[in-house]
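Me: I've got a model open here and want to know what backs up the labels people put on it. Can we walk through a few of them?

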Amino acid sequence: MATYIQYQLDFDLWLQPNSLSLKLSLVEVGPDRSEVCEDIVFEAFSDWGARARGFGILQMVSMKLVSWLPVVVACVFFELLVHSGSFAAFIPSDNYLVACGSSQNVTFQGKTYVPDSWHSSLTLKTGTPAVAKSNSSFPSPIYQSVRILSGISSYKFDIKQEGRHWIRLYFYPVPNSGQNLMSASITVATDDFVLLNNFTFKNYNGAYMFREYSVNVTSDTLTLFFIPSNNSVTFINAIEVVSIPDGVLPDQAITINPSIPISGLSELAFETVFRLNAGGPLITAENDTLGRIWENDAKYLHVNSSALNVSVNPASIRYPPSVTTEIAPNWVYASADVMGDANVANMNFNITWVFSVNRNFRYFVRVHFCDIVSKALNNLVFNLYINDDNAIESLDLSSFTGALNVPYYRDFVSNASVDSDTFTVSVGPDSTSDMTNATMNGLEIFKISNEVKSLDGLSPVESLLPRSSSKKNKTGIIIGSIVGAVVAFGLIGVCYCCLAAHRSKTNTHQAHPWLPLPLYGNSQTMTKMSTTSQKSGTASCISLASTNL
């Protein structure tokens, strides 16, 4: 008769964005004993950014314990695969991490930034650059060095794969640089879009600044122009240009009031203005597969007591095929804000987040949901409001996900609030629901470029760059070549007509005195027309040359 022994399997799991470490402890348990029989450490590569702890009870036939360990590891590892989704990590085709002005590699947030002078597929064009390195305290290693630019300068990146790219810019006015960087004017543009226009740290409430943009690159190069104001300098500390997976930022969304589909978003530039992890902690770039930062939402709540934080084990989040960790990491979906005790008589209140924005722009809004509070399906039904407009009415997450702990998100395009620079997002209970509750897990708000392709003001790229530094330079060369060719042919035509007229006059006096006079008149008229054409061509050349000065 076979004897059975009960063992307890404890495992401690540590997950990073690109690696996984698993420590297993098998403990023989019984009425009178608890003894650790074997420890094993297992490591693998993955695409997770979470921590988890688990517990299991196994019953095994009495055998040599070591022979069972591979089976145990395989079973646990398979279970983790099932519950966690895909292991496939996104590897960006373009991944430029540039430490501007640095003489050595810089490690920041788990990434290694290479000096701009070391990049083989990066071209820096500038007038008289200077490099300053901070000898005093600095916010983080990425801000320790800076490249100071005294004229219009550009970084040109070779692009391997067209599509949307993150452009992340780091600014810090390094002290003791020999320049007054606090007063320096900063203007940044791509070939098509203005990203930042005439920014200075004098009126900025912060010691350093980070900006994140998303642009659709449709050629094999991307150029970033840095433009100082007159008789001034500009500067940059670090740059990221990184590919974004297809589908992360869509071409279509739903507008608010009226609620209709809108397309063409892929042709526009985005600026990340807010990215929140509702009810959860700060998520740094190390724990996001796309290097994004998710801040806690508490400071944006209109009434702090209106929201209660809830969370579950990140490993319990089950991604459907339509949602991946590239949309948002499982830490976002594993925490949420739900309705708390707002100390009000009417419990049908909303949880509201309030943001300061520029009213002159439209905004792309992505709201993340995951029902981690319900005990059964179809219990939680609530409403979503954007700027007091009803964005989703009677939202039952179960009807879209078919299960609990399954991520879901929706995309919208909306203006700022009428007559104010505020933007609000709210969730509140639905009157038809049996449960008086509402929830939200994450929120992203992006500014959308305006009609002049700017994310900062009303000046297009063409007004900020001289023709020699923009695409108009190529246009000027083409137009100049065409005009020059026309003028050249015109001059040849004039010379030919003059020569023909001269020969005709000579022949008239000598060999053909009887030819009618109108022939000479026609030649004279042709000569005048050619002369007029010549003057017009010359005037065009002068105008073109003046434009290119």
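**What backs up the labels**

Reply: Sure. This is a predicted model, and its secondary structure comes to 6 helices and 32 strands. Of the 549 residues in the protein, 46% are buried.

Me: Why is Ile 293 called partly exposed?

Reply: Its relative accessible area is 32%. Buried would need under 20% and exposed over 50%, so Ile 293, at 32%, counts as partly exposed. You'll find Ile 293 in the loop between strand S21 (270-277) and strand S22 (295-296).

Me: What makes Ile 293 part of a nonpolar patch on the surface?

Reply: A patch takes residues with over 30% relative accessible area, and Ile 293 has 32%, so it clears that cut-off. Its partners in the patch are Phe 210 and Leu 282, and together the three have about 240 Å² of accessible area.

Me: And inside, which residues have the most contacts in the largest nonpolar core?

Reply: That core has 62 residues, and the ones with the most contacts inside it include Phe 157, Leu 195, Phe 235 and Phe 364. Strand S12 (residues 163-171) gives the largest share, 5 residues. Apart from this core lies another, of 35 residues, among them Phe 355 and Phe 412.

Me: What does Leu 195 touch, leaving out residues up to four places away in sequence?

Reply: Its contacts include Ile 167, Val 188, Tyr 213, Leu 224 and Leu 455. Across the protein, 73% of the contacts with a separation of 6 or more link residues 24 or more positions apart.

Methods: Residues numbered from 1 in each chain as written. Predicted model: local features only at pLDDT ≥ 70, side-chain atom pairs only at ≥ 80, totals over all residues. Heavy atoms only, no water. Core = buried A, V, L, I, M, F, W, Y, C linked by side-chain atoms within 4.5 Å. Buried < 20%, exposed > 50% of the residue type's maximum accessible area, 1.4 Å probe, protein only. Helix = DSSP H or I, 4+ residues; strand = E, 2+ residues; numbered from the N terminus. Contact = heavy atoms within 4.5 Å. Patch = residues over 30% accessible without salt bridge, like charges linked within 9 Å, V, L, I, M, F, W, Y side chains within 5 Å. Areas by Shrake-Rupley, 256 points an atom, 1.4 Å probe, with all protein chains shown as cover. Salt bridge = Lys/Arg side-chain N within 4 Å of Asp/Glu carboxyl O.
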